[in-house]
Structure formats: structure tokens, C-alpha cells
Amino acid sequence: MDYISTRGQAPLLDFERATLRGLADDGGLYLPSSWPVLSHDEMHDLQGHSYPDLALCIIEKFTGDCLPGEALRPLIDEACARFRHDAVAPVKQLDDRLFLMELFHGPTLAFKDYALQILGRLFQHFLVRRSQTCTILGATSGDTGSAAIAGLKGLPAIELFMLHPHNRVSGVQRRQMTTVLDDNIHNIAVEGTFDDCQNLVKSLFNDLDFKTAHSLSAVNSINWARIAAQVVYYFRAALALGAPEREISFSVPTGNFGNVLAGYVAKKMGLPIRKLIIGSNENDILTRFFETGSMERRDVRTTLSPSMDIGISSNFERYLFELVDHDSDRLNGFMHEFQENGRFEVGRDLLARARQDFSAYRLTDEDTRKDIKTTFDATGEIIDPHSIIGVSAARQEGFSDAPVVVLATAHPAKFPEAIRSALGFEAPLPAQLADLFALEERCAHLPDCAASLKRFIETTLA
Ligand SMILES: *Cc1c(COP(=O)(O)O)cnc(C)c1O
């Protein structure tokens with residue numbers, strides 16, 4: 001299986017190199033040159049198989065010769081063993097037509113665990129095989145950092161440096177990062193904002209001497225292997241609800257377009273998906289696109305669903321590449337316009353095609369609180385401020401005879417303030433995290449300064 005860059009100027013890579021590379025050298029995103037397809041019979045045979053069996057079957061189609069089944073299987077088994085629910089991604093019925101897939105049974109209580117538990121093990125496997133090590137550097141406003149730390153801790157080929165803005169992440173989110181005391185995990189609280197943290201990371205990646213000297217790499221959401229791992233749970237839910245004999249829709253709270261893109265990939269692989277429904281918070285660049293055909297950057301606002309507070313949906317580039325039938329010149333035109341003017345427009349035909357796959361809705365903070373309350377009153381379920389946006393989007397889409405699976409992306413205990421403001425009480429932390437506030441923390445504090453960060457990394461590694 002070959003991987004191509006959306007921008008058309010980077011070399012073709014195999015799965016191993018595309019995983020380790022992350023962003024392509026031409027600034028584009030890697031994706032398979034063609035979609036692997038599961039036949040109706042293959043899907044039928046997979047009904048009732050365990051989550052690891054299904055994950056093996058799906059992910060193997062993407063790894064190809066790089067990582068045959070015998071080598072992939074133990075990585076998947078180890079990753080799945082870190083989840084607290086035997087079903088890994090259990091599906092619950094919410095009302096007559098809506099189902100909730102709970103993607104929060106991993107170590108950090110949010111869906112990013114599904115990708116990062118696998119990605120960490122893939123990195124470790126590939127690096128050992130090449131007799132290499134690497135230094136992963138990232139910045140987080142919350143969920144990504146803890147999921148990356150949980151996915152990479154204890155892996156001997158990897159050192160992880162994770163920056164977060166000092167006093168600007170929640171107590172639960174900070175402790176999920178700083179209470180991990182493994183030798184290869186290095187938390188850094190930066191005196192500044194999340195944007196400052198991201199700029200520090202960028203400036204170190206742009207320092208090519210430093211980058212090469214320490215084999216700097218990233219595990220952010222544009223890494224193809226993360227998308228591949230997320231495709232699995234779409235198959236899981238749909239097969240459980242009657243696919244391939246029956247069509248299923250999905251409703252997905254998303255900002256960066258990463259999670260819902262995995263649904264699109266599942267559809268291209270043959271899963272009968274009727275509609276992919278997108279839910280945005282007030283940072284609604286995606287919803288505005290599907291309404292108008294214009295992708296237009298605006299300032300980011302802080303909302304009750306912080307993990308969807310983004311200004312740009314970076315994974316949308318992969319879908320746009322599909323929309324223009326892999327015409328990199330045309331794609332580069334759009335991306336150039338966006339870079340220059342903060343907007344681009346796709347025209348009526350492409351928009352009409354995009355709307356066949358997706359529909360998109362938004363939810364304000366006020367309605368987020370309201371919907372958490374009405375859903376709790378009607379069903380007894382406490383739904384976190386991200387997942388409720390998926391529930392609401394499914395309801396705004398209105399009736400269809402296909403059942404809708406809402407992706408519940410976080411456990412409500414991760415966002416205690418939002419739940420308290422909607423319900424007047426908090427959701428309890430699951431038993432295994434109940435002692436989170438009693439554990440020892442370890443974290444360095446640094447000023448917003450690239451030279452200090454470099455020095456810190458150099459001394460730590462030496
Ligand atoms: C990261 C995250 C999202 C958004 O994911 P995308 O990559 O933007 O699709 C939604 N909910 C939670 C809880 C998250 O952590």
C-alpha cells in the first residue's frame with residue numbers, strides 16, 4: 001500500500017514511513033493512494049467478532065507488507081487491553097432511533113485513546129526495527145496531551161516532551177498528564193497561552209539542526225495511523241446494528257475533522273453509511289462550509305467543549321483532496337488561497353457532492369447546557385459537553401429510517417464545571433481514576449522562550 005501526499009510534491013511512502021513522518025515534506029497530508037474495500041461477505045463474516053479481531057482486519061489493510069498480521073496482532077491486543085470495557089467501544093441505545101457509542105473507556109477517558117494507544121506501539125515497533133530512537137514534541141490544550149502520554153509512556157525508543165499552558169488546562173486534564181511518572185515522559189507548563197506553546201513547538205521544528213540532532217517527531221492528529229485506528233469503531237457499531245444488511249448514520253462532534261474523516265474512510269471501504277452528521281460548537285468553520293461552500297477562518301472562541309475550539313480543520317484537506325479527485329494542483333490552489341486570504345470557496349458542484357456525504361449543525365454554549373439537562377431528564381444519561389453536540393446534531397438532522405450512532409467522545413467526569421453548570425452536580429470519576437487528586441505530580445515550569453525549552457530538552461536527554 002502506497003501513501004500519497006495531498007499536495008502532490010512529496011515522495012510516495014509505505015505505511016511505516018508515512019507513520020513516522022507525520023506531515024509530508026511538501027506540507028501535505030498522507031493518505032492511501034486507493035481505498036481498500038471489504039466485500040459484503042467479508043463484513044457479514046465479521047459480525048460478532050471481538051474488537052481486536054475487527055481492528056486487526058481493518059488496520060492490516062492499511063499497514064500492508066510493512067506490518068503483517070502476526071506482527072500487528074500483539075500491538076492491537078496490548079492496546080485494547082488498556083481499555084476498561086470488554087467491548088472496548090460499547091454501544092448503548094439512547095432513544096427510539098439514537099444510539100450512543102461510548103468512546104471514553106480508555107486510560108484518559110476520551111476518544112483520542114483509540115488512536116494513540118495504537119500509534120505509540122506502532123512507533124515503538126518501527127523504531128526498534130530500524131535501531132532508532134526519537135523525541136516527540138507536542139503542545140496540548142488538554143485531551144491530546146494526556147492521550148499521547150498514556151499512549152507513549154514506558155516505551156523505551158521514545159522520549160516525550162509535552163507542553164501545556166500553565167494554569168490554563170483543567171485540574172483533571174493537568175493531573176492526567178503530570179501524575180504519569182515514567183522516565184520517558186516530560187511535562188512542561190509554559191508561562192503563556194496554548195498558542196504560545198504551539199509557537200514554541202513550531203520554532204523547534206523549524207530549527208533543522210536541532211530537529212535532526214534529536215530526531216524530533218510528532219503524533220498530532222494529521223498522522224495517518226491515527227485515522228486508520230479510528231476507522232475500526234465505525235465498523236464495530238455499524239456491524240453491531242445490522243450492517244452490511246442495513247444502512248447506518250453517524251453523528252460526530254468534531255472540530256479538526258479527524259474523527260468524522262475516519263467515518264468517511266469506513267464508507268469508502270464499503271460500510272453502508274447513509275450520512276455523516278457533523279456537530280460544531282461556536283467555532284463552526286466546518287458547519288459554515290457545508291452551508292455555503294466557503295471555508296473561512298475566524299478567531300477562536302472559548303466554549304464549554306474546549307477540545308473542539310479550533311480555527312482551522314486541518315484534516316479537512318484530506319477530504320478536499322477526495323472532492324477534487326486527487327487533483328493536487330487544484331488542491332494547492334485552495335490551500336494557497338486559504339493561506340493568503342483566510343478563505344476559499346469550492347463552487348456549487350463540489351458543495352453538492354460534499355453534501356451527499358455530510359450534513360452539519362452547530363450548538364451554542366447556552367443550548368449545550370440546555371441539551372445536557374433535557375437529555376439527562378429524558379434518559380438518565382450524563383453526556384459530556386462535546387458528545388451532546390453530536391446528540392443535538394442528530395436531532396437537528398431530523399427523521400430518517402437509518403439508525404444514528406452518536407460518537408460520545410469524552411466521559412462527563414472530564415468536564416466537571418460544564419456538567420455542574422448544566423445539571424447542578426458533577427459526574428463521578430470512574431473508580432480507576434478516583435485517586436487522581438491524591439497522586440504525586442511531576443512537571444517542569446518554563447518561560448515562553450524557545451532557547452529555554454531547547455536547553456531543557458538537551459539537558460534532559462543528556
Ligand atoms: C479531540 C476531541 C474532539 C474533536 O476531535 P476531532 O479530531 O476534531 O474530530 C471531540 N471531543 C473530544 C472529547 C476530544 O478530545
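**Close-up 1. Residues around the ligand in the predicted model.** The ligand is surrounded by 15 residues. The closest are Lys112, Asp143, Thr254, Asn256 and Thr409. By type, the shell holds five nonpolar, eight polar and two charged residues.

**Close-up 2. Polar contacts to oxygen atoms of the ligand.** Asp143 places a polar side-chain atom 2.6 Å from a ligand oxygen. Thr254 also brings a polar side-chain atom to 2.6 Å from an oxygen atom of the ligand. Asn256 contributes through its backbone: an N or O atom there lies 2.6 Å from a ligand oxygen. On its own, the ligand has 390 Å² of accessible area, and the protein covers 96% of that.

**Close-up 3. Packing of helices H8 and H19.** H8 spans residues 194-206, and H19 spans residues 450-461. Their axes are 10 Å apart and meet at an angle of about 65°. H8 is therefore roughly perpendicular to H19. The crossing of H8 past H19 is right-handed.

**Close-up 4. A cis peptide bond before Pro244.** The bond runs from Ala243 to Pro244, with omega near 5°. Pro244 sits in a loop. Helix H10 (224-240) lies on one side of that loop and strand S9 (248-253) on the other.

**Close-up 5. Positive phi at Ser131.** Ser131 is not a glycine, yet its phi is positive, at about 50°. This residue, too, belongs to a loop. The loop links helix H5 (112-129) and strand S5 (134-139).

How values were computed:
Residues are numbered from 1 along each chain as its sequence is written. This is a predicted model: local features need pLDDT of at least 70, side-chain atom pairs count only at pLDDT 80 or more; totals for chains, interfaces and linings use all residues. Side-chain values use heavy atoms; hydrogens and water are left out. A residue is near a molecule or strand if one of its heavy atoms lies within 4 Å of it. A polar contact is a pair of N or O atoms within 3.5 Å; within protein, one must be able to donate a hydrogen and the other to accept it, and residues adjacent in sequence count only if both atoms are side-chain atoms. Accessible areas come from the Shrake-Rupley method with a 1.4 Å probe; for residues, only the protein chains shown count as cover. Ala, Val, Leu, Ile, Met, Phe, Trp, Tyr, Cys and Pro count as nonpolar, Asp, Glu, Lys and Arg as charged, and the others, Gly among them, as polar. Axes are lines fitted to C-alpha atoms, for helices over the stretch in contact, and angles run from 0 to 180 degrees between N-to-C directions. Helices (H or I, at least four residues) and strands (E, at least two) are DSSP runs, numbered from the N terminus. Angles under 35 degrees count as roughly parallel, over 145 as roughly antiparallel, 65 to 115 as roughly perpendicular and the rest as oblique. A crossing is left-handed if the near helix is turned anticlockwise from the far one by less than a right angle, and right-handed if clockwise.
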